[in-house]
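Work through the following exercises with the sequence and the model at hand, and compare each step of your reasoning with the solution given.

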Amino acid sequence: MEIRELRAFAAVAEEGSFSAAARRLHLSQSALSQTIQALERQLGVRLLQRHSTGVTVTDVGTTLLREARALLAQHDRMLAEVTGQGVAGPAVLRVGVPLELPADLLPRALAEVDDAFPRTRVDVSHASSAAQLRALEAGELDVALVRECPADPGYDAVLAAEEALGVLLATRNADELACAAGVQLHRLADLEWSGFSRAESPAWHDQVTATLRSHGISVPDRIQSGEHGLIAEVKLAAVSTGKAFAFAPPGWPVSLPDGVTWCALTGNPLVRRTWAIWPASARRRDLAVLVAALDLTNKGAIAER
């Protein structure tokens, strides 16, 4: 048995439901259920009884829960002493995230931090890439998840996500412009890009606008100089008029209204990358666990979401 399995079992037993335990552990409910099923198979016993209103612990599960609590407490005390957190008290890890972060990226990484460093509290705040980098420089963030990787030896970085973007269109426009393989970027030239401002992420903005211009698509001046954040509602409102398009990854976790369609872009001309950035001088072990969990190369292959 692994510590993470015991912690997952204890959470479900104590919360009385998979959904509440999943929220506590920053895991998806399906991942948590698979962990418990694997633990039961490994032990050859039924630990939990599933009901329509939740779960209860079996007799053998009660025995395991008692021993697991003692083992987890010993593990946490040992880890706190070894890492120095036993003296300093609970730590806070400050993480900045952009809009439209892949849905499963951060919860999975936070679950690994919680498993290894249960005394660490993670504070997550949303901000543009530019604002996050300023906060990182000012010492107000420990890790920034941003759309560009600064060429600064004072920071370390790992690639956390790579997404081939598609396009959001009014359905009537999609019916006209899309083929079986998707939409060719140059066919959007008669529509206006509903995009983010350069102030939010200058390098990524320049990459997007250069690609658009190379396909004959002009970029409105307001997008060049504006300071607005492009939230999902703004994208959808603009697209639904039939006069604009916007970019979004496949599996975008936003419900599309009637009359709006997502289409792939043929050839994947726009790939959005998200980097985890932190000070090169940092020596925190909980931070190291977080960035290792975020590192796309640790997952074996580039994920397309």
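**Exercise 1: a strand pairing**

Identify the bridge partner of Leu-168 in S10.

Solution. Within S10, Leu-168 finds its bridge partner in Trp-262. As a next step, place this pair in its strands, which are DSSP runs of E of at least two residues, numbered from the N terminus: strand S7 (residues 166–170) and S10 run antiparallel and are joined by four bridges, where two strands count as paired if DSSP finds at least two bridges between them. Finally, widen the view to the open sheet, in which four strands follow the order S8-S9-S7-S10 with mixed pairing. Its edge strands, strand S8 (192–193) and strand S10 (260–263), each pair on one side only.

The model is predicted, so local features need pLDDT of at least 70 and side-chain atom pairs pLDDT 80 or more, while totals for chains, interfaces and linings use all residues. Residues are numbered from 1 along each chain as its sequence is written, and side-chain values use heavy atoms, without hydrogens or water.

**Exercise 2: a helix and its burial**

Determine which residues of H6 are buried (under 20% relative accessible area, 1.4 Å probe, protein chains only).

Solution. Begin with the length: helix H6 (residues 105–116) has 12 residues and should span 16 Å at 1.5 Å a residue, which agrees with the 18 Å between its end C-alpha atoms. Then list the buried residues of H6, which are Leu-105, Leu-106, Ala-109, Leu-110, Ala-111, Val-113, Asp-114 and Asp-115. For the chain as a whole, 46% of the 305 residues are buried.

Note on methods. Buried means under 20% relative accessible area, exposed over 50%, partly exposed in between (1.4 Å probe, protein chains only). The expected span of a helix is 1.5 Å times one less than its number of residues.
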